[in-house]
Amino acid sequence: MKLGISLSLIAVLFLTIAMLVRAGWERPPMESTQQGYRGLGMVEIDNPRTQAARAALNQLPDVVPAVPAGGPAATSVYKNVQVLNDLGVGEFTRLMVAMTAWVSPQEGCNYCHNPSDLAADTPAKVVARRMLQMTRHVNADWKTHVADTGVTCYTCHRGQPVPSNVWYTQAPQGGAFAGNRAGQNAPAKAVGFTSLPLDPFSHFLANGDEIRVQSAAALPAGRGNSIQSTEATYGLMVHISQSLGANCTFCHNTRSFFDWDSSTPQRATAWHGIRMVRDLNANYLEPLAGKFPDGRTGPLGDAPKLNCATCHQGEHKPLLGASMLKDYPVLAAVGKLAVAAPTPEPVLIGETVIIFFALDSVALHDAAPRTLEILVVKLKANPKARATISGYHSATGDAAHNRELAKNRALAVQGALKAAGIAENRVVLEKPVVEQANVAGEDPKARRVEVVVK
Ligand code: HEC
Ligand code: HEC
Ligand code: HEC
Ligand code: HEC
């Protein structure tokens, strides 16, 4: 009997000590906030002693001093301004300084710029330009999620060029004998080291698969009702909870996870957040695949993408709800639609006809057949003469795509000559030529086809 008591005392003492030294155990007192009706256990638990540390993690960078209004437009001073074309030079420069502090404080301006030519496009600058559009899009069109608090580059980047929370699609998990495990039993941080599928993101944050466990029908079949979608749904929910530092009851009444009437308002905000993340991944990050510095991609060749943790980083609201946007309202503007420079008319210079094309287009200028007429007359007068067509394209953008474009433009001109009665075999197509002089940007003169008759 006595021995029994001593043994249990030792056991209790051992367990208490083990509990105290284990990571993840927090000593009382804790603070709790009620999220739903009394008695439902819908409470958020907070440790007041971690507040100072969390505040330090979410400290805001200094605000770059405001610049006086007025001054010339950035587009009138700089050569290659495609997105910030609604800013004055002062505001433009202020934003460049802020962006450097938010994204590349160690590397400075040269992370994105070629110091000898600020107008030249580098891979980082091309990504950053799209990021500017993405940030404006979030602030202007996703107020259902970000409200007026909004986001800046800092919300995700926190002073580093690659945000600390990004994800790629994972290669299928297969073994020689076990077959495809659908990503299960490969503990991953994204799903709290559980045995849940390790990549719920491809289903739900890149594709728009239904996030469902409960079925609306008896004996359900098909998409959104399988065990796999249940497991992936729980995987995503673990990620959401971790990213926000929140319990499931921050959004759900666990009596019925699916019931919206007994869910909290935060669940509706989260619903919009899921749609926002899908939109940003599909329309901004995915199309940048292969365009990141180093051409970095995931194991399946996809672009790095974002999830809830990219902005939230463990808090209910990113940066503890502070708004940096109010100091940089230009990041909420929609911007002027970039007006494409008009395509110049076709010209005849000496013996050569030059036909210009609109950006990314193979459509012939309306005046092209008229300008080509003079060559057609020459070709008809001399049955031995041939037309030679050379396509030029700019050195910016995707080289293979540009070559294809130049080839198709040359074919369009060949088609015009054919329509005027010149047989195809009298037209020589030369290899496309890269216009090196145009590395700086969108010079419409680079997008051209030249035709001579020899
Ligand atoms: C995170 C990337 C990034 C950093 C860092 C950065 N810039 Fe830029 N910069 C851009 C982008 C993107 C554009 C083009 C904006 C557009 O198209 O609307 C640009 C354009 C410019 C231009 C206009 C060039 C022209 O003639 O078209 C100047 C000048 C400039 N930046 C200066 C700076 C300076 C100075 C710094 C450092 C204080 C800096 N930038 C830091 C991304 C960056
Ligand atoms: C919603 C989150 C988010 C916001 C806001 C955001 N970015 Fe990004 N950014 C990303 C993600 C995700 C990547 C891809 C990470 C990678 O490159 O591996 C990225 C990549 C980049 C890169 C390429 C870095 C590299 O070396 O691969 C640059 C440059 C960049 N962002 C600049 C900016 C600028 C400038 C802004 C503000 C105008 C901005 N970003 C706003 C999420 C964001
Ligand atoms: C920040 C809010 C939030 C948190 C925290 C959260 N969820 Fe969810 N949950 C949602 C939203 C939003 C949906 C519906 C998504 C949709 O339909 O696109 C959902 C859907 C679900 C569903 C599917 C319900 C159905 O219709 O079949 C289950 C089950 C679920 N959550 C469980 C959990 C669990 C378990 C946790 C804790 C690990 C959790 N959730 C944490 C917001 C949240
Ligand atoms: C582009 C950055 C960004 C991303 C990505 C993002 N959020 Fe948010 N979220 C915010 C901002 C900013 C707020 C604060 C809005 C406000 O002040 O009301 C917020 C607020 C919320 C809230 C309300 C919190 C509260 O205390 O009321 C929830 C819930 C939430 N987000 C869930 C999510 C979920 C779930 C995801 C991933 C599917 C997600 N967020 C992805 C920026 C983001």
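How many helices and strands does the protein chain have? Colour by secondary structure and count along: there are 13 helices and 10 strands. Keep in mind while you click around that this is a predicted model.

**Zoom out**

Start with the whole chain in view. The radius of gyration is 30 Å, well over the 22 Å that the globule rule gives for 454 residues, so the protein chain is more spread out than a compact globule. Line the view up with the principal axes and the C-alpha trace spans about 120 × 65 × 40 Å. If you colour by burial, buried residues come to 26% of the 454. A contact map is worth a look too: of the contacts with a separation of 6 or more, 63% link residues 24 or more positions apart.

**Pick out the domains**

Now select 135-173 + 181-214 + 223-332, which is domain 1. Give another colour to 347-453, and you have domain 2. Drop a marker on the C-alpha centre of each domain, and the two markers sit 47 Å apart.

**Ligand 1**

Select ligand 1 and show its surroundings: 23 residues. The closest are Tyr78, Asn80, Cys109, Cys112 and Ala119. Two helices to highlight here are α4 (89-103) and α5 (123-141), each supplying at least two residues of the shell. Of the elements around ligand 1, α4 gives the most, with five residues. Colour the shell by class and you get 15 nonpolar, five polar and three charged residues.

**Ligand 2**

Next, move to ligand 2, with 26 residues around it. Put labels on Ala128, Met131, Cys153, Cys156 and Pro304, the closest of them. Leave α4 and α5 highlighted, then add α7 (153-157) and α11 (308-312); each of these four helices supplies at least two residues of the shell around ligand 2. Which helix has the largest share of this shell? That's α5, with six residues. By class, the shell around ligand 2 has 21 nonpolar residues, four polar and one charged.

**Ligand 3**

Last stop: ligand 3, surrounded by 23 residues. Gln214, Met237, Cys248, Cys251 and Phe258 are the closest. Turn on α9 (227-244) and α10 (265-285), the elements that give two or more residues to this shell. The largest share is from α9, at seven residues. A class colouring of the shell around ligand 3 shows 16 nonpolar, five polar and two charged residues.

Key:
Residues numbered from 1 in each chain as written. Chains lettered and ligands numbered in written order. Predicted model: local features only at pLDDT ≥ 70, side-chain atom pairs only at ≥ 80, totals over all residues. Domains from an automatic or database assignment. Near = placed C-beta within 6 Å. Nonpolar A, V, L, I, M, F, W, Y, C, P; charged D, E, K, R; others polar. Rg over C-alpha atoms; globule rule 2.2 N^0.38 Å. Buried ≥ 20, exposed ≤ 12 C-beta atoms within 10 Å, placed from the backbone. Contact = placed C-beta atoms within 7 Å.
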